[in-house]
Amino acid sequence: ILSILSVLLTYIMTCRYYGRLVGAIAASLFAVAAAPVFYSRFMWNQNLLLFFVPLLISVLLYGVIERRKGWFAPAIVLVGLLAQLHGSGFLLAAPLVVAFALAPGTVRIRDIVLGVLAFLVLYSTYLLWLVHSHYRDITVFLTSIRHPAIIDNEALVFFMQFLSPYGFDPN
C-alpha cells in the first residue's frame, strides 16, 4: 500500500512543481521500474524508503521553492526516520543541509528546537541501548570503516538493475 501511495505522492509532487506531463512520466517510471515493484512485494525496513524518500523531497521542496515556514522540523524527523530504516538514510542529510542553505529565512529557531527534540525522542531507545551496551555499535562501526575503499562499477550495475524489466539479472 505504501508503494502505491509513493507513486501517487511522486505524481502529486512532480505535478505541483514541474507540470502534469513530468508528473505522469515520473510516476509511470516509478510504478513500472523492476526494483520498486520487487521490493513492494514483501515487508522489510528498507522497503519503507520507497514512501518516505519522496515524502522528504516534497517537504524540502515545500520549504525551498514555496518559501513556506514550518518545513524544517518535519524534515529533521524524516531524515532521522529514514536513517533508522536503513543506514543510507543518513545520506539524505545532505539535501537537508542544501535546502537549509537555499532557504535560511524560512527556518525559525522554534523549528530547529522542535526538530531536534523530535529527533531525540525518535532515537531515545537507541541512545539508551548504546549506553547499556557500552557503545558497542560505535566501536563496530569504527572498525568497519578502516577497510580500504573499493572503486568498481557497482553503481552502474545497480542502476541497470533498477531499470531492467527482468528483475535482478546483471546481464
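Helix axes here are lines fitted to C-alpha atoms over the stretch in contact, and their angles run from 0 to 180 degrees between N-to-C directions. That convention is needed at the second stop of this tour of a predicted model.

**Whole chain**

Start with everything displayed as a cartoon. The protein has ten helices and zero strands, so coloring by secondary structure will give an α-only series from the N terminus on. The C-alpha trace spans about 45 × 40 × 30 Å along its principal axes. Of the 171 residues, 33% are buried. Turn on contacts between residues at least 6 apart in sequence, and 65% of them join residues at least 24 apart.

**H5 and H6**

Select helix H5 (72-85) and helix H6 (93-102). Two packed helices are described by the angle between their axes and the distance between the axes. Here the axes of H5 and H6 come within 10 Å and cross at roughly 165 degrees. Angles over 145 degrees count as roughly antiparallel, and H5 is therefore roughly antiparallel to H6. The crossing of H5 past H6 is left-handed.

Now show side chains at the contact. On the H5 side, pick Phe72, Ala75, Ile76 and Val79; they meet Ala93, Leu96 and Phe100 of H6. By class, the residues of this contact are seven nonpolar, no polar and no charged.

Keep Leu96 selected. Beyond residues up to four places away in sequence, Leu96 touches Leu60, Trp71, Phe72, Ala75, Ile76 and Val79.

**The nonpolar core**

Extend the selection to the largest nonpolar core, which has 22 residues. The residues with the most contacts inside this core are Phe52, Leu56, Leu60, Trp71, Ala75, Leu82 and Leu96. Helix H4 (49-64), H5 and H6 each supply at least two residues of the core. In soluble globular proteins, nonpolar side chains tend to be buried together.

**Valine 53**

Go next to valine 53 in helix H4. Is valine 53 buried, exposed or partly exposed? Its relative accessibility is 27%, so valine 53 counts as partly exposed. With neighbours within four places in sequence left aside, valine 53 is in contact with Leu82 and Leu92. Draw a C-alpha to C-alpha distance from valine 53 to valine 79: the two are 8.8 Å apart in space and 26 residues apart in sequence.

**Glycine 23**

Move to helix H2 (residues 20-32) and select glycine 23. Glycine 23 is buried because its relative accessible area is 0%, against a cut-off of under 20%. Which residues surround glycine 23, leaving aside neighbours within four places in sequence? Its contacts are Tyr11, Thr14 and Cys15. A C-alpha distance from glycine 23 to threonine 10 reads 7.1 Å, with these positions 13 residues apart along the chain counted as their separation.

**Two loop residues with positive phi**

Most residues other than glycine have a negative phi. Two residues are worth selecting with that in mind.

Arginine 67 lies in the loop between H4 and H5. Although not a glycine, arginine 67 has a positive phi of about 55 degrees. Its relative accessibility is 48%, so arginine 67 counts as partly exposed.

Finish at histidine 134, in the loop between helix H8 (124-132) and helix H9 (136-144). Histidine 134 is not a glycine either, and its phi is positive at about 60 degrees. With 67% relative accessibility, histidine 134 counts as exposed.

Terms used
Residues numbered from 1 in each chain as written. Predicted model: local features only at pLDDT ≥ 70, side-chain atom pairs only at ≥ 80, totals over all residues. Heavy atoms only, no water. Core = buried A, V, L, I, M, F, W, Y, C linked by side-chain atoms within 4.5 Å. Buried < 20%, exposed > 50% of the residue type's maximum accessible area, 1.4 Å probe, protein only. Helix = DSSP H or I, 4+ residues; strand = E, 2+ residues; numbered from the N terminus. Contact = heavy atoms within 4.5 Å. Parallel < 35°, antiparallel > 145°, perpendicular 65-115°, else oblique. Left-handed = near helix turned anticlockwise from the far one by under 90°. Nonpolar A, V, L, I, M, F, W, Y, C, P; charged D, E, K, R; others polar.
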